[in-house]
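Trainee: Could you take one part of this model and look at it closely with me? I'd love to see how its buried residues fit with what surrounds them.

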Amino acid sequence: MNNIKKALSSLSYLIYRIKWNFYPKYNIISKFPFHVDIETTDACNLKCIMCVHGTTGVSNPGMIDTTFAKDLINQVASNGGYSIKFNWRGEPTLHKDLIELVSYAKKKGILEVQINTNGIPLNKEKIEKLIEAGLDRIIFSVDGASKEIYEKIRVGAKYKQLVDNIITLSKYKKKINATKPLIRVQMIKMTVNENEVEDLFKLWRPYVNEIKINDITDRGQGNSLSVGNKVLIGRKKCPQPWQRMVVAYDGKVLPCCADWNFKWIIGDASKLSLKKIWNSTKMKNIRYLINKYKLDEFEPCKSCFSGISYNYENNTKN
């Protein structure tokens with residue numbers, strides 16, 4: 001029976017990822033988003049140099065109501081949504097009921113439940129409970145391979161604490177013979193840490209499933225941190241409004257993960273169902289404009305910080 005469940009889960013995941021890539025390319029609109037970001041909080045415990053929390057700051061941060069979050073999970077589950085990530089602009093592990101929400105989502109049949117985290121608020125107990133709750137993927141933001149560089153970037157964090165937490169997670173998985181959560185370590189490459197990329201791979205290969213290096217994007221800090229090895233040559237179709245929606249902790253719904261400043265609010269999940277918002281006129285309008293490649297003519301696409309909607313080429317002069 002367990003083997004059958006694993007096979008069905010693998011098949012469902014394959015179908016999910018095929019749709020994720022296929023639908024935006026051919027302008028196919030599903031009845032409900034494949035993925036929903038549910039923001040547990042927009043608060044953060046760090047003041048990173050490349051993030052809004054460390055530059056302009058976030059005014060009046062709050063936490064999602066647990067009952068409201070469960071209602072959103074119910075909607076995703078009942079409408080055939082495949083994936084939920086419990087964060088957006090803040091640190092999800094600051095929410096007191098995160099483990100409960102992860103467990104609830106898995107019990108409701110959500111195929112993939114994920115979080116992005118800086119890893120600092122975790123401890124051995126929380127790590128073990130997240131694994132036991134059924135978390136499928138955990139993505140750690142690790143922007144340095146040395147204490148000096150890491151703590152210079154992630155202001156307020158302790159490098160040893162982060163390393164200990166990731167290794168604790170890896171070892172506990174092995175101890176109980178668990179395959180989940182998949183562990184990803186990712187770095188935002190910038191001028192201050194570009195020389196530590198190779199060391200990052202060497203350090204984390206024995207402990208994690210994935211390592212990803214992303215280029216710095218502008219979230220208000222300007223281009224002073226850019227490594228400058230890519231040149232923008234134009235825009236391309238952004239797939240996000242065909243794949244996902246974002247629900248802020250207060251219920252506001254956005255069409256993508258890059259609209260941090262709420263420039264294209266498509267609805268309020270405390271008043272309307274996610275399905276109605278997904279199929280709303282505002283959502284249709286943003287898809288229309290993106291299909292017409294007018295991304296430089298309206299917000300939030302005009303000032304998007306996500307590299308997914310840009311075409312770059314390597315800067316051969318550097």
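**Helix α3 and its surroundings**

Mentor: Happy to! In helix α3, which spans residues 98-107, the buried residues (under 20% relative accessible area, 1.4 Å probe, protein chains only) are L98, L101, V102, S103 and A105. This is a predicted model, where local features need pLDDT of at least 70, side-chain atom pairs count only at pLDDT 80 or more, and totals for chains, interfaces and linings use all residues. Residues are numbered from 1 along each chain as its sequence is written, and side-chain values use heavy atoms, without hydrogens or water.

The buried residues of α3 pack (heavy atoms within 4.5 Å) against α2 (66-78), β3 (112-117) and α4; helices (H or I, at least four residues) and strands (E, at least two) are DSSP runs, numbered from the N terminus. After α3 comes G109, with a positive phi near 95°.

Now follow one of those partners, α4, residues 124-133. With three residues, helix α4 gives the most to the lining of the second largest cavity. A cavity here is a set of points on a 1 Å grid where a 1.4 Å probe fits but cannot get out, and lining residues have an atom within 4 Å of a point. The lining of this second largest cavity consists of L122, I127, L130, I131, L135, I138, L169 and P181. By class, that makes eight nonpolar residues, no polar and no charged, with Leu, Ile and Pro among the types counted as nonpolar.

Terms used. On a 1 Å grid over the protein atoms alone, a cavity is a set of points where a 1.4 Å probe fits but cannot get out, and a pocket is an open set with protein on both sides within 12 Å along at least five of seven lines; lining residues have an atom within 4 Å of a point. Buried means under 20% relative accessible area, exposed over 50%, partly exposed in between (1.4 Å probe, protein chains only).
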